Amino acid sequence: MSGVVIVGAQFGDEGKGKMTDYLARQADCVVRYQGGNNAGHTVVIGGHEYRLHLIPSGIFYPEKVCVIGNGVVIDPEVMFQELDELLSQGLKLARLYISDRAHLILPYHLRLDAAEENCRGDGRIGTTRRGIGPAYTDKISRVGFRAGELLEDGWEQRLIELVLEKNKALERLYGSEGFQPEQVIAWLRPHAERLRPFLTDTSLVLAELASQGRHILFEGAQGTMLDIDHGTYPFVTSSSPTAGGACIGAGVGPTAIGRVLGVCKAYLTRVGEGLFPTELQGPECESLRDRGREFGTTTGRARRCGWIDLVMLRYAGRVNGMSGLIITKLDVLDALPAIKLCTAYRCNGSTLEELPGSQRLLQASEPVYEELEGWQQDISGVRRYDDLPAAARRYVERVSEIAGLPVVAISVGPDRDQTIETKPGSGLLG
Ligand code: IMP
């Protein structure tokens, strides 16, 4: 099988939802392998905007298979709201399978997320407060609640024990309110009913598809710089959005992956706290934010905006083993007379070509910029690479050269068809 992983090359919000939906046309199955409803993927089809948080972006193709893998944490209430909303819009959806090994986000995880953030004060991470960190903490601490437990008798008793244990942390450690166990059981019971038919060993589903030679697309959420190992720790999420996470989070071996496509915006954004060397302030930031509609799909928070950081992009290329790059939102730069690219950092008198692991070094780093001329014309209607203005092609070529990655596609607007393949006909999935 030649599985393809699609990963965020920056801090998330790169436009992976649109690109996964676009690539899903050529795939038979789309798998979410990590994260939860902290993610927000916007997909525009025929001018209509759909927002996904948990459901794989292949859901809009009824003939495809969609999988939520074991590496995802699931808030069942949010998931069914999302599913119901899609169904109420009259859509015919793909077949959906959910891993029996995926962990559930329970109401106490949300309360713990808020309590922990409030206690961090100035050191807060700026989490989405969706319970993601506490759910993964429980998984690693081996006190999580797996979806598959709902298939067996006695889950209510186990939940009572968990709630009582979590109440200790909520009440004694954080001075917050605990939960009545019956309240949590009553909340979960209807979701359990609906979840059961979807639950299965999704690794087996994928293995069977692979043995039939089907194309599987692994959809990462968030981005490389938010990865628990490879991101700007501790200002990261609690899972592994990088390509390696696809194996763990979907239950496939590395040999199942033939290609890794990285998605990056033509500029850079970040939500939440954490270092951002190329961040812009004031009107420069605001104009990118307004043109790019840079407000969180999940939390509505205004995103911090800045110039593209090619030190980070090179790093993302390396840690993901990227085969190619997809540049999104190139049209957002249309009006700019000049565009900057960060090619290296200046740090304590020396030049850094590689991203430092130390947050202190990154904090002390100043971006070294190369400046290119803007194209100052509307490119949202362009569909062929050669029809892009010369300055836009120059920009794409410089990103590709400095990042050391071939650019395989460019997105010039939110709609499916506002996509330019640099080598049309060669098949982005390889
Ligand atoms: P958490 O994932 O809610 O724990 O948040 C941890 C960090 O990751 C915060 O800075 C969030 O803003 C950020 N984050 C989480 N999910 C996303 C996403 O889908 N896009 C962008 N940032 C995200």
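**View 1. Buried residues of helix α6 in this predicted model.** Here's the inward-facing question for α6: which of its residues are buried? They are P181, V184, I185, W187, L188, H191, A192 and L195. The helix covers residues 181-195, 15 residues in total. At 1.5 Å a residue it should span 21 Å, and its end C-alpha atoms sit 20 Å apart, so the two values agree. There's still a kink to look for: α6 bends by about 30° at R189. A proline, P190, follows within four residues of that bend. P190 isn't on the buried list, but W187, L188 and H191 are among the residues that are.

**View 2. The ligand and its shell of 15 residues.** Which residues come closest to the ligand? Look for D13, N38, T128, T237 and R301. By type, the shell splits into 6 nonpolar, 7 polar and 2 charged residues. Zooming in on the polar contacts, N38 puts a polar side-chain atom 2.9 Å from a ligand oxygen. G126 uses its backbone instead, with a polar atom 3.3 Å from an oxygen atom of the ligand. Q222 deals with a nitrogen atom of the ligand, which lies 3.3 Å from a polar atom of the Q222 side chain. How much of the ligand does the protein bury? Taken alone the ligand exposes 470 Å², and 96% of that is buried by the protein.

**View 3. A cis peptide bond and a buried glycine in the loop between β10 and α8.** This loop runs between β10 (216-219) and α8 (243-250), and P234 lies in it. The peptide bond from Y233 to P234 is cis, with omega near 10°. G231 belongs to the loop between β10 and α8 as well. Is G231 buried or exposed? Its relative accessible area is 14%, under the 20% cut-off, so G231 counts as buried. For a sense of distance, pick out V412, which is 181 residues from G231 along the chain. Their C-alpha atoms are separated by 27 Å.

**View 4. D415, far from I45 in sequence but 6.0 Å away in space.** D415 is in the loop between β19 (407-411) and β20 (419-421). With a relative accessible area of 15%, D415 is under 20% and therefore buried. How many residues separate D415 from I45 in sequence? The gap is 370 residues, yet C-alpha to C-alpha the pair is 6.0 Å apart.

**View 5. Positive phi at R142 and N348.** Neither of these residues is a glycine, but R142 has a positive phi of about 65°, and phi of N348 is near 45°. Where do they sit? R142 is in the loop between α4 (132-140) and α5 (155-173), while N348 is in the loop between β16 (338-347) and β17 (350-352). Why is R142 called exposed? Its relative accessible area is 72%, and exposed means over 50%, so R142 qualifies. N348 has a relative accessible area of 64%, which means that N348 is exposed too.

Conventions
Residues numbered from 1 in each chain as written. Predicted model: local features only at pLDDT ≥ 70, side-chain atom pairs only at ≥ 80, totals over all residues. Heavy atoms only, no water. Helix = DSSP H or I, 4+ residues; strand = E, 2+ residues; numbered from the N terminus. Buried < 20%, exposed > 50% of the residue type's maximum accessible area, 1.4 Å probe, protein only. Near = heavy atom within 4 Å. Polar contact = N/O pair within 3.5 Å; in protein donor to acceptor, adjacent residues only side chain to side chain. Areas by Shrake-Rupley, 256 points an atom, 1.4 Å probe, with all protein chains shown as cover. Nonpolar A, V, L, I, M, F, W, Y, C, P; charged D, E, K, R; others polar. Expected span 1.5 Å × (residues − 1). Bend = angle between axes of the 7 residues up to and from the residue.
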